[in-house]
Amino acid sequence: LKLQLGSNQRSGPGTARETTMASGSGEKSPDAFQDEDKPGVCRKCAESSLDCFAFLGRGAVATGGAVATVTKQCAYPVKESLLATADSTSNYLHPWQQKLPSDSHVPTFRM
């Protein structure tokens with residue numbers, strides 16, 4: 001059984017789409033809408049390009065985060081040692097800047 005889809009005004013090859021139907025099952029043939037189901041070459045290329053750019057972008061973001069973490073972990077001990085050296089040099093050159101407990105002139109009682 002063949003069913004014609006489209007207008008019946010013109011006749012000839014390519015004017016009406018034909019779909020073969022199984023007897024009473026209502027199924028369409030697999031090639032009936034083949035052109036609509038398959039994406040075009042340009043769409044495949046665009047999707048592949050976007051996938052590639054997404055892959056590269058995710059890699060760049062992950063790499064940037066890792067570099068930031070490593071920089072923080074490596075720079076902190078260097079910064080602390082530089083500050084300690086600057087403090088000890090300043091205390092050596094200017095002894096009155098040292099943070100020492102003050103001498104208390106208050107009498108204490110001992111037993």
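This is a short walk through one predicted protein model, from its overall layout down to single side chains.

Let's start with the outline. The protein has two helices and two strands. Going along the sequence, they come in the order β-β-α-α. The chain holds 111 residues, and 2% of them count as buried. The accessible surface comes to about 10,500 Å². Carbon and sulfur atoms supply 60% of that area.

Next, confidence. Remember that this is a predicted model. The mean pLDDT of the protein is 78. Of its residues, 68% reach 70 or more. Where is confidence lowest, and where is it highest? The low end is strand 2, residues 17-20, with a mean of 50. The high end is helix 2, at 95. Helix 2 covers residues 41-93. Keep that helix on your screen.

Now the charged pairs. How many salt bridges are there? The count is two. Take Glu-47 and Arg-43 to begin with. Their closest N and O atoms are 3.1 Å apart. Both residues lie in helix 2, and they are four residues apart. That is about one turn of the helix. Are these two side chains buried or exposed? Arg-43 has a relative accessible area of 53%, so it counts as exposed, the cut-off being over 50%. Glu-47 stands at 40%, so it is partly exposed.

The other salt bridge joins Lys-79 and Glu-80. Here the N to O distance is 3.7 Å. Lys-79 has 42% relative accessibility, so we call it partly exposed. Glu-80 is partly exposed too, at 34%.

On to the cysteines. By way of background, a disulfide is a covalent bond between the sulfur atoms of two cysteines. How many disulfides does a search of the whole structure find? It finds zero. Look at Cys-45, which is in no disulfide. The nearest cysteine sulfur belongs to Cys-42, and it is 7.2 Å away. A disulfide needs the two sulfur atoms within 2.5 Å, so this pair does not qualify. Cys-45 itself is partly exposed, with 48% relative accessibility.

Now a nonpolar feature. Which residues form a nonpolar patch on the surface? They are Leu-50, Phe-53, Phe-55 and Leu-56. Together they offer about 480 Å² of accessible area. Pick out Leu-56 from that group. Leu-56 sits in helix 2. Its relative accessible area is 49%, so Leu-56 is partly exposed. The cut-off for exposed is over 50%, so Leu-56 falls short of that class.

One last stop: Thr-69. This residue is in helix 2 as well. What does its side chain reach? The partner is the backbone oxygen of Gly-65, at 3.0 Å. Thr-69 is partly exposed, with a relative accessible area of 43%.

To recap. We have a predicted model, with the pattern β-β-α-α. Confidence peaks in helix 2 and is lowest in strand 2. There are two salt bridges and zero disulfides. A patch of Leu-50, Phe-53, Phe-55 and Leu-56 lies on the surface. And Thr-69 makes its side-chain contact with the backbone oxygen of Gly-65. Thank you.

Note on methods
Residues numbered from 1 in each chain as written. Predicted model: local features only at pLDDT ≥ 70, side-chain atom pairs only at ≥ 80, totals over all residues. Heavy atoms only, no water. Patch = residues over 30% accessible without salt bridge, like charges linked within 9 Å, V, L, I, M, F, W, Y side chains within 5 Å. Areas by Shrake-Rupley, 256 points an atom, 1.4 Å probe, with all protein chains shown as cover. Salt bridge = Lys/Arg side-chain N within 4 Å of Asp/Glu carboxyl O. Buried < 20%, exposed > 50% of the residue type's maximum accessible area, 1.4 Å probe, protein only. Polar contact = N/O pair within 3.5 Å; in protein donor to acceptor, adjacent residues only side chain to side chain. pLDDT = per-residue confidence, 0-100.
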